[in-house]
Amino acid sequence: QLQASGGGLVQAGGSLRLSCAASSSIFIINTVAWYRQAPGKQRALVATITSGIRNYVDSVKGRFTISRDNVKNTVYLQMNNLKPEDTAVYYCYTKIGFDNYWGQGTQVTVSS
């Protein structure tokens, strides 16, 4: 139900925009989150959006912006001023009732 895209290789200080497209309008009434998993580490929350409310982990505040387009059923993660420590596989996630939905993950690699 979720299709993540937009990852790639970028130099430190660069930008990428990740997209998470849903197959239906499930995002309109649900919280959507971006997580990331770096090599050898657990998957960790990066940002969430619920209606107009956005939350970020401290390490990305001021650099990342989560947004949504309800017409396109897509949630975005704009990542600016990327750092090598942002290197990870990024996943989008939402929950509907008792069911968890994950995107397939998109690799972000930031070179120093």
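User: Hi! What do "buried" and "exposed" mean here?
Analyst: Buried means under 20% relative accessible area, exposed means over 50%, and partly exposed is in between (1.4 Å probe, protein chains only). This is a predicted model, where local features need pLDDT of at least 70, side-chain atom pairs count only at pLDDT 80 or more, and totals for chains, interfaces and linings use all residues. Residues are numbered from 1 along each chain as its sequence is written, and side-chain values use heavy atoms, leaving out hydrogens and water.

User: Thanks! What share of the protein chain counts as buried?
Analyst: Of its 112 residues, 41% count as buried.

User: And how many helices and strands does the chain have?
Analyst: The protein chain has zero helices and eleven strands. Both are DSSP runs numbered from the N terminus: helices are H or I with at least four residues, strands are E with at least two.

User: Is the chain compact or spread out?
Analyst: The radius of gyration of the protein chain is 13 Å, close to the 13 Å from the globule rule for 112 residues, so the chain is as compact as a globular protein of that length. That radius is taken over C-alpha atoms, and the rule is 2.2 Å times the number of residues to the power 0.38. Along the principal axes, the C-alpha atoms fill a box of roughly 40 × 25 × 20 Å.

User: New topic: how many disulfides are there in the whole structure?
Analyst: A search finds one disulfide, which joins Cys20 to Cys92 with an S to S distance of 2.1 Å. The cut-off for a disulfide is a pair of cysteine sulfur atoms within 2.5 Å.

User: Which strands hold Cys20 and Cys92?
Analyst: Cys20 lies in strand S3 (residues 16-22) and Cys92 in strand S9 (residues 88-96), so the pair ties together parts that are 72 residues apart in sequence.

User: Are Cys20 and Cys92 buried or exposed?
Analyst: Cys20 is buried, with a relative accessible area of 0%, and Cys92 counts as buried at 0% too.

User: What's the handedness of that disulfide?
Analyst: The torsion about the S-S bond of Cys20 and Cys92 is about 70°, so the disulfide is right-handed.

User: Last one: where is Thr74, and what does its side chain reach?
Analyst: Thr74 lies in strand S8 (residues 74-79) and is buried, with a relative accessible area of 9%. The side chain of Thr74 reaches the backbone oxygen of Lys72 at 2.9 Å.

Note on methods
Polar contact = N/O pair within 3.5 Å; in protein donor to acceptor, adjacent residues only side chain to side chain.
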